[in-house]
Amino acid sequence: MTATAVVAGAGGEARRTAVLLAAAQAIVGSAAPIAISLGALAGQYLLGPDKSLATAPVTGFNLGVALGALPAAAIIRRLGHRGGFMTGTVITALGGLIATLALYQASFWLFAVGLGVIGVGGAFVQQFRFAAADNAPPEFKARAISFVLAGGIVTAILGPQIVIYTRELLAPVMFAGSFASVLALAAVGAIILSFLHTSRRTSSAAVVAGRDARPLAEIATQPRFVAALFCAVGSYALMSFVMTGAPLAMVGCGLSTDDATLGISWHVMAMFGPSFFTGSLIHRFGAERIVAIGLVLLIGCAVVALSGVALWQFWTALILLGLGWNFGFIGATAMVAAGYHPSEKGKVQGFHDFVLFGSVAFASLMSGAVYNAWGWTMLNWIVFPVVVLCFLALGALKLPGLRAAN
């Protein structure tokens, strides 16, 4: 067999894997917009007069993703992609069941726990992009990441539509039908993931490579890795911070729950829609430039949000927020994926997602506190200093000493 045929075969398998993971992202990933769009509203519904903790269930979801990052990476490493990811769907289904029961019992904190378990299942979904990159030739890695995340376009439509059509399905218990639907999404996702090829056992060459793997501290202190992680955290945390408060702000300004849900739908579509070409843009212009464009779009989101509270301003701001996340986060993920060897992927990916989603969980909790204390305007003013810090991290890579270190 010629070298060309081997490369072509590897490319074909990488594309097959990316297609299956994109399909699973579309279905299982729909649990996330259900949790995010309804978490704060259901929390408000379950709380008494003091609504300051209304976003705590969304924080529970993000905290679940953070705490699940390292265990998910370990389980996937132990069971392989197919077994590990199917385990994640079982956890997602369990979270949907707990959240549904909590709504029937009118238990706010049990509901927050349920969303936390859904978040742990979401930690496995977050590993889809790394799995796609790991199975791809170097020239296809960025495209594989963006292709998997493009499955989120279906998520953007499916998740909010499930909310609209099922939130009163089990009336008089509001929102229970939406969280019960998470069980069906997990079951369909498990069927799709069952078609993944079973990972082969580690070869002797890989074992040797594993022995030569660098310590995590050495990898995590590389200037380019630090800048990439900082920009990934900044992009994702700002997205969570503004998005979590947006449904509360929209309803608080007199708009309907459906308006808020459709706003999240437009937002999630903007998050994943550009993924069809983001990988190509990264390949052509470089990850750092794409991250910078994402940061500019996040500033645009804040400017529009500060200009008024009409429906079109909320929706436009959420669309710009999604676009900024797409370029900022996918660009930063590509920078991270280029900074480690195959034998180092498990610990690096787990560490990356632990730091990332721990920060996102904190941002979602602060969103509710800031909104209740100072309102929608202050939520958006906070975007500017965070974006400036991200630009400084990117700019530092151009310094002669750090450029040599990279």
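Mentor: Let's fix some words first: buried means under 20% relative accessible area, exposed means over 50%, and partly exposed is what lies in between. Keep in mind that this is a predicted model.

Trainee: Okay, let me try that on Ala106: is Ala106 buried or exposed?

Mentor: Ala106 sits in the loop between α3 and α4 (108-126), and it has a positive phi of about 55° although it is not a glycine. Its relative accessibility is 52%, and the cut-off for exposed is over 50%. So Ala106 counts as exposed.

Trainee: And Phe175, which also has a positive phi although it is not a glycine: buried or exposed?

Mentor: Phe175 lies in the loop between α7 and α8, with a phi of about 75°. Its relative accessible area is 6%, and the buried cut-off is under 20%. So Phe175 is buried.

Trainee: Which peptide bond is cis?

Mentor: Look in the loop between α7 and α8, where you'll find Pro172. The omega leading into that proline is about 15°. The cis bond is the one joining Ala171 and Pro172.

Trainee: How confident is the predictor overall, as a mean pLDDT for the protein chain?

Mentor: Of the chain's residues, 92% reach 70 or more. There are weak patches, though: pLDDT stays under 50 over residues 1-8, with 1 contact beyond four places in sequence, and it is below 50 over residues 200-208, where the model has 2 contacts beyond near neighbours in sequence. Where pLDDT is low, the predicted coordinates should not be read in detail. Across the whole protein chain, the mean pLDDT is 86.

Trainee: On to the inside. Which helix gives the most residues to the largest nonpolar core?

Mentor: That core has 122 residues, and Leu21, Phe85, Leu103, Phe111 and Phe179 touch the most other members. One helix, spanning residues 223-252, puts in 17 residues, the top contribution. That helix is α11.

Trainee: Ser240 is in helix α11 too. What does Ser240 touch, leaving aside neighbours within four places in sequence?

Mentor: At 1% relative accessibility, Ser240 counts as buried. Leaving aside those neighbours, the residues in contact with Ser240 are Asn62, Val360 and Ser364.

Trainee: Now α3 and α8: are they roughly parallel or antiparallel?

Mentor: Their axes are 8 Å apart and cross at an angle of about 170°. The α3 side of the contact includes Phe85, Gly96 and Leu103, and the α8 side includes Phe179, Ala186 and Leu193. Phe179 also touches Ile34, Phe111 and Ile118, among others. Angles over 145 degrees count that way, so α3 and α8, at about 170°, are roughly antiparallel.

Trainee: What is the C-alpha separation between Ala69 and Phe351?

Mentor: Ala69 is in helix α3 (residues 56-105) and counts as buried at 1% relative accessibility. Its contacts beyond four places in sequence include Gly350, Asp353 and Phe354. Ala69 and Phe351 are 282 residues apart along the chain, and their C-alpha atoms are separated by 7.5 Å.

Trainee: How many salt bridges are there?

Mentor: One pairs Arg167 with Asp258, the closest N and O atoms being 2.7 Å apart. Arg167 is in the loop between α7 (152-166) and α8 (176-193) and Asp258 is in helix α12 (residues 257-272), so this pair ties together parts 91 residues apart in sequence. Another pairs Arg224 with Glu288 at 2.8 Å, linking helix α11 to helix α14 (residues 287-306) across 64 residues. The count comes to 2.

Trainee: Back to Arg167: is Arg167 buried or exposed?

Mentor: Its partner Asp258 is partly exposed, with a relative accessible area of 28%. Arg167 has a relative accessible area of 12%, so by the under 20% cut-off it is buried.

Trainee: Last one: how many of the 10 residues of helix α6 are buried?

Mentor: Helix α6 covers residues 141-150 and is largely enclosed by the rest of the structure. Its buried residues are Ala142, Ala144, Ile145, Ser146, Val148, Leu149 and Ala150. Out of 10 residues, the buried count is 7.

Methods. Residues numbered from 1 in each chain as written. Predicted model: local features only at pLDDT ≥ 70, side-chain atom pairs only at ≥ 80, totals over all residues. Heavy atoms only, no water. Core = buried A, V, L, I, M, F, W, Y, C linked by side-chain atoms within 4.5 Å. Buried < 20%, exposed > 50% of the residue type's maximum accessible area, 1.4 Å probe, protein only. Helix = DSSP H or I, 4+ residues; strand = E, 2+ residues; numbered from the N terminus. Contact = heavy atoms within 4.5 Å. Salt bridge = Lys/Arg side-chain N within 4 Å of Asp/Glu carboxyl O. pLDDT = per-residue confidence, 0-100. Axes fitted to C-alpha atoms, helices over the stretch in contact; angles between N-to-C directions. Parallel < 35°, antiparallel > 145°, perpendicular 65-115°, else oblique.
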